[in-house]
Amino acid sequence: MRELKWSGELASIAQNHANKCVYAHNPSRSSQSASFAYVGENLYANTAQVSPSYAVTYWDDEKNFYNYDTNTCSAPTDMTCAHYTQNVWAETEYVGCAVAYCTPLQGFSWPSAYYYVCNYGIGGNFNGNRPYIKGSSCSQCPSGYTCNNGLCRS
């Protein structure tokens, strides 16, 4: 897996989408990016303001339902493993996130909510593909990358 770097471009796309206060994936996120042909996206909402790491941990907890060997998800119907697999997509190298306070957040019955959006470049979750290759840390790093704490660094 590649070490993630912050992208102001992806954060700007995320902020513009979050500010619309519509809980749905941004269908234009890839066309809005000058740097990435495909942009991945994770969404999270909460009535309380939480830290960005809380939202990322929420997505990461989906790993409990993901089976790498069969590349399947056994999450309850109100969850998906797609947030987790995007978080750990081996070829993703950039992330940009944003939050907006929405009154209301369309798609929820709450009178107000905090809406968190993270965009990833390149995006992952291609049907049938696993998010990473099992192996020892950094054993699959691309040429020109070094190993840094088990992640591939460019």
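**View 1. The open sheet of this predicted model.** Four strands line up as β1-β5-β6-β2 with mixed pairing (strands are DSSP runs of E, at least two residues, and helices are runs of H or I, at least four, all numbered from the N terminus; two strands pair if DSSP finds at least two bridges between them). β1 and β2 sit at the edges with a single partner strand each, so one side of each has no neighbour in the sheet. β5 and β6 run antiparallel and are joined by nine bridges. As for the numbers, residues count from 1 along each chain as its sequence is written, and side-chain values use heavy atoms, without hydrogens or water. Since the model is predicted, local features need pLDDT of at least 70 and side-chain atom pairs pLDDT 80 or more, while totals for chains, interfaces and linings use all residues.

**View 2. The buried residues of α1.** In α1 (residues 8-18), L10, A11, I13, A14, H17 and A18 are buried (under 20% relative accessible area, 1.4 Å probe, protein chains only). They span an arc of only 160° around the axis (taken from the directions from the axis to the C-beta atoms), which puts them on the same side of α1. Their cover includes β1, β2, β5 and β6.

**View 3. Around A98.** A98 stands opposite V117 in β6. Leaving out residues up to four places away in sequence, A98 touches A11, A14, Q15, Y115, Y116 and V117 (contact is heavy atoms within 4.5 Å).

Terms used: Buried < 20%, exposed > 50% of the residue type's maximum accessible area, 1.4 Å probe, protein only.
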